[in-house]
Amino acid sequence: MNISEILENYSVEIATLENHYNWVKTNAREINLETEMHLVSKLDQIMHYFSDLYKFVGVSSNNIYWNLTETPIRVMLIPVAQRRYQTIINPEYIELAGKEIDNVEACGSVPDNNNYVIKRKPYVLISGYTLERKYTELEYGSKDYDAGEYPELSSYHHREWIIQHEMDHLYGTTIKDMGILFDFNSLIQ
Ligand SMILES: [Zn+2]
């Protein structure tokens, strides 16, 4: 099945707090690696498609509505190395560490397109499974990161913050729930 058939057959669209509130706010359910890989491979195609189209830096299944499952599944497309992305199944935190820093983020599922200041950790270690159903651990950032007091503008490209943003989505949490609306005027003195 090609991508346009998938999009049409399964009513696929970007899920936002406006058009699919419950979908975005639902805790994504785990995937059965023995019986449900057909769902993952379709979602993998869809996530790559939207990621290319909208230049997303990361995507979770809570960002993508479809009618194939009742709730989002525990899958996310995240950066794993410079310019390389990988789909990770059933991701879990092993460790979140370091001094929190304020980070400015936007989100494709928050329709007003506003920026929010979010507290992020500088070090992330997660586990999960690849499309080949192979167990993997991925490490990002640094425990020694010396956090600043002011938000770092446009800093959402830091991979350790992208991982936390997408993991939040899988728990049904958006930057609107946990952040403070960022006022660009506050930068002008
Ligand atoms: Zn988001």
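**Notes on a predicted model: two sheets, two cores and a packed helix**

1. A point of entry into this predicted model is Met76, which stands opposite Ile88 in strand S5. On the other side of the pairing scheme, Ser60 stands opposite Met76 in S4, and two bridges join S2 to S4, with the two strands running antiparallel. Met76 is also listed among the residues with the most contacts inside the largest nonpolar core.

2. The pairing of S4 with S5 is antiparallel and extends over six bridges; one of the pairs places Tyr85 in S5 as the bridge partner of Pro79. These two strands form a hairpin with two residues between them, and Arg83 in that turn has a positive phi of about 60 degrees.

3. Taken as a whole, the sheet to which these strands belong is open and has five strands in the order S2-S4-S5-S8-S9, with antiparallel pairing. Strand S2 (59–60) and strand S9 (135–141) each have a single partner strand and stand at the edges, so one side of each is left without a neighbour in the sheet.

4. Two helices lie across this sheet, and a new reader may wish to compare how they are set against S4. Helix H3 lies across S2, S4 and S5 and runs at about 60 degrees to S4, whereas H4 lies across S2, S4, S5, S8 and S9 and runs at about 175 degrees to S4.

5. The length of H3 can be checked against expectation: at 1.5 Å a residue, its 18 residues should span 26 Å, and the end C-alpha atoms are 25 Å apart, which agrees. Just after H3, Lys55 takes a positive phi of about 60 degrees.

6. Which residues of H3 are buried? They are Val40, Leu43, Ile46, Met47 and Phe50, and, seen down the axis of the helix, they fall within an arc of 130 degrees, so they line one face of H3. In general, an α-helix has 3.6 residues a turn, so residues three or four places apart point the same way. The buried residues of H3 pack against H1, S1, S2, S3, S4 and S5, while the face turned away from the buried side carries the exposed residues His38, Ser41, Asp52 and Leu53.

7. The largest nonpolar core has 32 residues, and those with the most contacts inside it are Leu43, Met47, Ile64, Val75, Met76 and Ile163. The elements giving two or more residues to this core are helix H2 (21–24), helix H3 (37–54), strand S3 (64–65), strand S4 (75–81), strand S5 (84–97), strand S8 (123–129) and helix H4 (159–170). Leaving aside residues up to four places away in sequence, Met47 touches Val59, Ile64, Leu77 and Thr87. A second, separate core of eight residues includes Cys107, Ile118, Ile175 and Phe182.

8. There is also an open sheet of three strands, in the order S6-S7-S10 and with antiparallel pairing. Strand S6 (101–105) and strand S10 (180–181) stand at its edges, each with a single partner strand, so one side of each is left without a neighbour in the sheet. Strand S7 (residues 116–120) pairs with S10 in the antiparallel sense over two bridges, and Val117 stands opposite Ile180 in S10.

9. Is Tyr129, which lies in strand S8, buried or exposed? Tyr129 is buried, because 20 other C-beta atoms lie within 10 Å and the cut-off for a buried residue is 20 or more. Not counting residues up to four places away in sequence, Tyr129 touches Leu33, Ile89, Asn90, Lys134, Tyr135 and Thr136. Tyr129 and Ile118 are 11 residues apart in sequence and, C-alpha to C-alpha, 27 Å apart in space.

10. Two loop residues deserve a look at their backbone angles, given that most residues other than glycine have a negative phi. Ser11, in the loop between helix H1 (3–9) and strand S1 (13–14), has a positive phi near 50 degrees, and Ser11 counts as exposed, with 10 C-beta neighbours inside 10 Å. Arg133, in the loop between S8 and S9, has a positive phi near 65 degrees; Arg133 is likewise exposed, with 12 other C-beta atoms within 10 Å.

Definitions and conventions. Residues are numbered from 1 along each chain as its sequence is written. This is a predicted model: local features need pLDDT of at least 70, side-chain atom pairs count only at pLDDT 80 or more; totals for chains, interfaces and linings use all residues. A nonpolar core is a set of buried Ala, Val, Leu, Ile, Met, Phe, Trp, Tyr and Cys residues joined through C-beta atoms within 7 Å. Helices (H or I, at least four residues) and strands (E, at least two) are DSSP runs, numbered from the N terminus. Two residues are in contact if their C-beta atoms, placed from the backbone, lie within 7 Å. Two strands pair if DSSP finds at least two bridges between them. Axes are lines fitted to C-alpha atoms, for helices over the stretch in contact, and angles run from 0 to 180 degrees between N-to-C directions. The expected span of a helix is 1.5 Å times one less than its number of residues. The arc is that of the directions from the helix axis to the C-beta atoms.
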